[in-house]
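Work through two short exercises on the structure below. Take one step at a time.

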2 protein chains.
Amino acid sequence: MTGDQKPEAPDLRAIRAAFKRIRPYAHQTPVLTCTSLNAMVGAELFFKCENLQKVGAFKFRGAANAVFSLPETKAAKGVATHSSGNHAQALALAARLRGIPAHIVMPENSPKVKVAAVRGYGARIVFCPPTQKDREQTLERVVAETGATFIHPYNNLRIIAGQGTCALELIEEIPGLDIVMAPVGGGGLLSGTALCCHYVNPEIQVIAGEPKGADDAFRSIRDGRIYPSENPITIADGLRTCLGSLTFPIIRRYVEKIVTVEEESIVAAMRHIWERMKILVEPSAAVPFAAVLEGTLQVRDKRIGIILSGGNLDLDTLPWLRR
Amino acid sequence: MTGDQKPEAPDLRAIRAAFKRIRPYAHQTPVLTCTSLNAMVGAELFFKCENLQKVGAFKFRGAANAVFSLPETKAAKGVATHSSGNHAQALALAARLRGIPAHIVMPENSPKVKVAAVRGYGARIVFCPPTQKDREQTLERVVAETGATFIHPYNNLRIIAGQGTCALELIEEIPGLDIVMAPVGGGGLLSGTALCCHYVNPEIQVIAGEPKGADDAFRSIRDGRIYPSENPITIADGLRTCLGSLTFPIIRRYVEKIVTVEEESIVAAMRHIWERMKILVEPSAAVPFAAVLEGTLQVRDKRIGIILSGGNLDLDTLPWLRR
């Protein structure tokens with residue numbers, strides 16, 4: 001995939017600056033290996049465990065970078081976003097660590113457990129009717145009232161640079177990777193990963209996994225235009241968003257390919273990771289390994305870094321126990 | 001707790017030798033921290049993740065040390081044990097890595113998944129009727145027939161030294177620990193841990209967790225004699241064994257105290273670890289944290305190392321989903 005012109009994107013200096021900036025707050029997550037999963041797919045896998053990151057997801061990297069990049073006077077007015085997922089928790093924690101307010105717009109039908117998690121990090125929650133338009137309007141109003149800075153979950157250069165620090169740690173710890181894989185939803189993690197690999201070692205192929213039931217990114221790159229995510233049907237709830245104007249051109253230029261996977265592969269991949277590696281990953285995080293498991297990629301004897309994006313899920317309803 | 005005379009026990013040199021010996025085969029497991037669990041108990045917790053060890057449990061350390069300590073001619077005849085748990089898998093893998101036979105005596109009613117796991121590591125399985133006497137007799141016969149060396153799961157000095165390497169890594173990575181905690185079943189892990197702490201920093205208090213429903217170790221230390229484990233009733237299936245003649249005197253001399261915990265605390269501790277730390281631990285591994293959660297220990301503002309002993313369990317029957 002190559003775009004026609006160089007996209008607006010963080011450079012390596014921005015990613016390294018993000019790494020330094022978030023270092024006091026974020027975990028440098030471990031890279032785990034598993035002999036039996038290697039044997040299963042005939043490759044050498046290196047799992048970068050962002051499920052073990054603060055708030056249980058890579059999202060904290062970008063949020064912390066965005067929050068700690070703000071100049072003092074701007075920061076004092078706080079940050080705001082609309083999200084019911086990991087970004088909301090990540091932004092809330094980053095704001096608390098800087099000692100500034102976080103205003104989180106959430107649909108009024110959000111699961112209680114998610115509301116409680118965001119509130120637990122000390123954020124102010126503003127409820128809105130559960131439509132995209134209401135979310136955006138409510139956010140605008142909050143920003144107008146408070147002067148807070150809107151931090152988009154992925155379409156933001158500081159967020160992209162922050163997410164890029166994950167691949168930076170991975171490729172500096174594990175030399176000689178042939179491939180680095182990440183899931184793709186809005187593309188914040190994927191674009192940061194692709195940029196970082198391109199700068200540090202352009203020989204590394206960056207490959208994304210995406211659920212077939214939410215394949216808007218795959219189609220967007222294929223057709224050269226951003227498709228919205230319409231009625232996505234997938235267990236991978238973190239990957240139901242569409243690409244953004246900033247993430248799309250980066251992915252188009254620097255990502256080798258996007259592999260779409262079946263739902264049953266996602267559940268199988270998730271369970272293999274739980275059983276063999278003894279770590280919790282949420283369905284979204286299992287999508288790249290699901291792509292390897294499906295066997296369409298050429299992976300034999302390759303050294304593959306896989307970013308496990310997060311581990312947040314409801315332990316009362318595991319997908320293999322649903323009736 | 002102090003015994004009258006110095007027990008027969010590995011010295012620090014033996015533990016360091018074990019560390020060097022198993023280093024090429026065992027994972028140096030990560031030590032994870034979790035802000036929210038710290039806040040929950042008012043202490044600083046450092047979790048040594050033996051659930052992320054090879055075969056998913058600390059048992060691999062002792063088994064690898066025992067197997068790789070054998071002189072060439074003895075090793076060639078293989079190793080043998082009776083176990084249906086983590087030790088069986090650990091010994092099978094260690095033997096395979098050395099390229100020698102492993103003979104594992106298992107009760108004929110062992111869960112298929114456990115039989116498959118041991119077989120998966122290339123061991124020879126010898127079934128026997130499900131009584132202790134049959135297990136021992138069958139093992140004797142196997143040893144007589146093959147010349148294999150019997151490797152007891154815990155009552156073996158090489159095993160104890162091997163398990164001690166876990167605490168060695170922990171206290172060398174995390175300075176200034178006040179307490180180190182481990183679960184107690186047969187006492188291999190606990191005695192190795194206690195010895196190592198005693199040698200490296202005798203100021204560290206070693207405290208064990210044990211299920212109330214299987215409190216034979218607690219009673220054994222209290223009364224100064226080894227009680228058998230009779231009809232243990234606990235979800236912590238790794239802790240149903242009784243102390244051995246080698247582990248008992250070490251624990252008696254070097255362990256500060258054994259705290260017994262309720263079953264519901266074990267389940268709660270396990271779920272907290274899963275939810276907050278995003279790692280799988282088996283019930284046995286959650287027992288020390290359950291002791292902290294119950295609140296009878298003085299832990300405020302202390303630095304506490306907790307050994308998470310393993311992560312092997314059936315993902316189809318999680319304790320909080322049982323009806």
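Two residues count as in contact if their C-beta atoms, placed from the backbone, lie within 7 Å. The model is predicted.

**Exercise 1. Describe how chain B meets chain A, and how the two copies are related.**

Solution.

Step 1. Count the contacts. On chain B, 15 residues are in contact with 15 residues of chain A.

Step 2. Find the main contributor. Helix α12 (residues 263–277) of chain B supplies three residues, the largest share of the side that touches chain A.

Step 3. Sort that side by class. It has eight nonpolar, three polar and four charged residues.

Step 4. Superpose the copies. A rotation of 180° puts chain B on chain A, with 0.0 Å of shift along the axis and an RMSD of 0.0 Å. This is the relation of a two-fold axis.

Step 5. Locate the axis. In chain B, the C-alpha of Ile279(B) is the nearest to it, at 2.1 Å.

Step 6. Compare the two sides. Of the contact residues of chain B, 100% recur in chain A, so the same surface serves both copies.

**Exercise 2. Decide whether helix α11 (residues 247–254) of chain A is largely enclosed or not.**

Solution.

Step 1. Recall the cut-off. A residue is buried if 20 or more other C-beta atoms lie within 10 Å of its own.

Step 2. List the buried residues of α11(A). They are Thr247(A), Phe248(A), Pro249(A), Ile250(A), Ile251(A), Arg252(A) and Tyr254(A).

Step 3. Conclude. Seven of the eight residues are buried, so the rest of the structure largely encloses this helix.

Step 4. Name the neighbours. The buried residues of α11(A) pack against α8 (157–173), α9 (188–200), β8 (205–211) and α10 (216–223) of chain A.

Definitions and conventions:
Residues numbered from 1 in each chain as written. Chains lettered and ligands numbered in written order. Predicted model: local features only at pLDDT ≥ 70, side-chain atom pairs only at ≥ 80, totals over all residues. Least-squares fit on C-alpha atoms with pLDDT ≥ 70 in both. Helix = DSSP H or I, 4+ residues; strand = E, 2+ residues; numbered from the N terminus. Nonpolar A, V, L, I, M, F, W, Y, C, P; charged D, E, K, R; others polar. Buried ≥ 20, exposed ≤ 12 C-beta atoms within 10 Å, placed from the backbone.
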